[in-house]
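Here's a quick tour of a two-chain model for anyone who likes to poke at coordinates. Have the viewer open and follow along.

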Amino acid sequence: MSEEEKKDYAESPINLEYHYTAGSATTRFLNQVKEGKIVGQSCPKCSAVYVPPRGSCPRCGVATNIEVPLTDKGCIESFTIVHIPIPGNPIVPPYVCAMIRLDGANISFLHLIQGIDVEEIRIGMRIQAVWKPKDEWTHSLENIKWFTPIDEPDVDVATLRFQES
Amino acid sequence: MIQAGVIGVGQTKYDAKRRDVSMGGLVREAIDNAMLAANVEWDAIDAVILGKAPDMFEGVVMPELCLADAVGAVGKPVLRVHTAGSVGGSTGVIAATHVCSGQFKTVLTVTFEKQSESNATWALSPRYPYSPHINAGAGGYFAPFIREYIRRYDAPEHIGWKVAVKDRLNALKNPLAHLHIPGIDEKMVSDTPMLWEPLRYLESCPSSDGACAMVITSKDLVGSRDVAWIKGMAVRSEGTLSAGRDEVNPQAGIDCAKDIYDQAGITNPYKEIDCAEIYVPFSWYEPMWLENLGFCNLGEGWKLTDKDATAIDGEMPFNMSGGVMSSNPIGASGMIRFGEAALQVMGKANDHQVEDAKVAMGHAYGGAAQFFAMWIVSSSLD
């Protein structure tokens, strides 16, 4: 870049810090995550189970006030292997970012997959959470370091689609 | 309802860094071109509808306020629209709705993004509270949906390369396009680095600066001007974290397309629509949207792409301008689709004109593939 061009603009990094109020549904969920438990919330109308819960069912517009304890096992609904560094993101590529569908849940969330050669990762693969040491647990899904494959038969992801009974 | 038409489309030159203009200069470049094309003066403009994607893309909050002079909105009603990546489309729909309401005769609408002011991938990858910080921009978000599409329908990997080549070859016919890559072929695409598997560098859209504007007026004021009549328009959205949602084939997209086809009296889009500008920011979204929008049955989209149906001289041309794959000022990208569709039916698309195009479709999607905006424009009112 020439000196002439440099005069046209200046780079000025910004940092935004938020105070986040979790709300009652997420607070219930995170208090249990802090104890190493994953508890979804179910819609009283259509019975869909949300994890992480946001407090209401987008399908029915009602509060998900039924708590549903889940295990930390599930399957990979889909995934990508991220090869590029993302500005401001601490993770070093390549890493596997997967849509995790816990057993009994009707939506997925994003988390890491480790403990396997990336070439062997498949849609439908069974996985389980690997937790951080208990003394590091906080109110965050970061208590789970990553998910890792377990020796169980793959799931047909077409069967995961929620259908109201 | 009052019938409305597009009488002017104006675009900027798209580029990675438009450092020759401010945000105000950028939007004004598109507006001047639109008003010149429409042959209208400022006193004819009753309201200004402005759209753009997240304000974090430039780091300027509510820019419609500081841009009031640049967009000619001082003393006039102004409305800001924001529906993520679909915003260029929904802004067009909202502007046209103002005219159809009968409360406004002629409306100026403009959308823009000046992505060089910040870093869009950073802005789309914030740390969410109480979650691992692993999100990796739009590509990182959409790649798992694309992988599931490929798995579900056993699609071969060269389909993505093919779309990447076709759209960039079209861009060579469009002097405003950001990317001009002479000699691009499937080998060049497949040799580029993997970004978010299965997406490679050249299977992804660029990050662009640019703006697009349109002048929309009511039927009684069209006069002898060239016009693209709006025959159907709609927006739809669905809950991102809703149980039962199919991210590969979102219901909101299906419903939105059905709505505009019904309004326009279209029963077979593949036969009755002459060409379409469809929001394809990553190569695989062409076959995915071919299916979602009802141009073919599920699982058949990649086969249409494979047999060149979407080429500019094919049976169902997609993205004659080069599309989002060749120019992506995010907030404007949807309106560019809407505006390019209008240019086609006005016969003003120059070197990327589809011969005898009478009915065209503009489409935009955004967010987590849960916001949709679409319209059908036609050369005739009948």
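When we talk about domains here, their bounds come from an automatic or database domain assignment. One caveat up front: this is a predicted model.

**Chain A and its two halves**

With that in hand, chain A splits into domain 1 (21–70) and domain 2 (72–157). Measure from C-alpha centre to C-alpha centre and the two domains of chain A sit 20 Å apart. Where they meet, domain 1 of chain A puts in 13 residues and domain 2 of chain A puts in 16 residues. On the domain 1 side, the elements giving two or more residues are α2 (23–33), β1 (38–42), β2 (49–50) and β3 (66–70) of chain A.

**Where the chains meet**

Moving on to the chain contact, 39 residues of chain A are in contact with 33 residues of chain B. On the chain B side, α4 (120–123), α5 (137–153) and β5 (194–196) each supply at least two residues, and α5(B) gives the most, with 8 residues.

Here's how the two contact sides break down by class:

| Side | Nonpolar | Polar | Charged |
|---|---|---|---|
| Domain 1 of chain A, touching domain 2 of chain A | 10 residues | 2 residues | 1 residue |
| Chain B, touching chain A | 15 residues | 12 residues | 6 residues |

**The sheet in chain B**

Chain B has an open sheet of 9 strands with mixed pairing, in the order β3-β2-β4-β7-β1-β8-β11-β10-β9. Its edge strands, β3 (78–81) and β9 (275–277) of chain B, each pair on one side only. Ignoring direction, neighbouring strands of the sheet are turned by 25° against each other on average. Take β1 (residues 4–11) and β7 (residues 209–218) of chain B: they run antiparallel and are joined by 7 bridges. One pairing to look up is G5(B), whose bridge partner in β7(B) is T217(B).

Helix α12(B) lies across several strands, including β1, β7 and β11 (371–378) of chain B, and runs at about 175° to β10(B).

**The nonpolar cores**

The largest nonpolar core has 162 residues, with V27(B) and V377(B) making the most contacts inside it. Helix α12 (residues 330–346) of chain B is its top contributor, with 10 residues. Chain A joins in too: domain 1 (21–70) and domain 2 (72–157) of chain A each provide at least three residues of this core.

What does V377(B) touch, not counting residues up to four places away in sequence? Among its contacts are V6(B), W229(B), I230(B), A341(B), V345(B) and A360(B).

There's also a second, separate core of 5 residues, including Y14(B), A171(B), L176(B) and L179(B).

Methods. Residues are numbered from 1 along each chain as its sequence is written. Chains are lettered from A and ligands numbered from 1 in the order in which they are written. This is a predicted model: local features need pLDDT of at least 70, side-chain atom pairs count only at pLDDT 80 or more; totals for chains, interfaces and linings use all residues. A nonpolar core is a set of buried Ala, Val, Leu, Ile, Met, Phe, Trp, Tyr and Cys residues joined through C-beta atoms within 7 Å. A residue is buried if 20 or more other C-beta atoms lie within 10 Å of its own, exposed if 12 or fewer, and partly exposed in between; C-beta atoms are placed from the backbone. Helices (H or I, at least four residues) and strands (E, at least two) are DSSP runs, numbered from the N terminus. Two residues are in contact if their C-beta atoms, placed from the backbone, lie within 7 Å. Ala, Val, Leu, Ile, Met, Phe, Trp, Tyr, Cys and Pro count as nonpolar, Asp, Glu, Lys and Arg as charged, and the others, Gly among them, as polar. Two strands pair if DSSP finds at least two bridges between them. Axes are lines fitted to C-alpha atoms, for helices over the stretch in contact, and angles run from 0 to 180 degrees between N-to-C directions.
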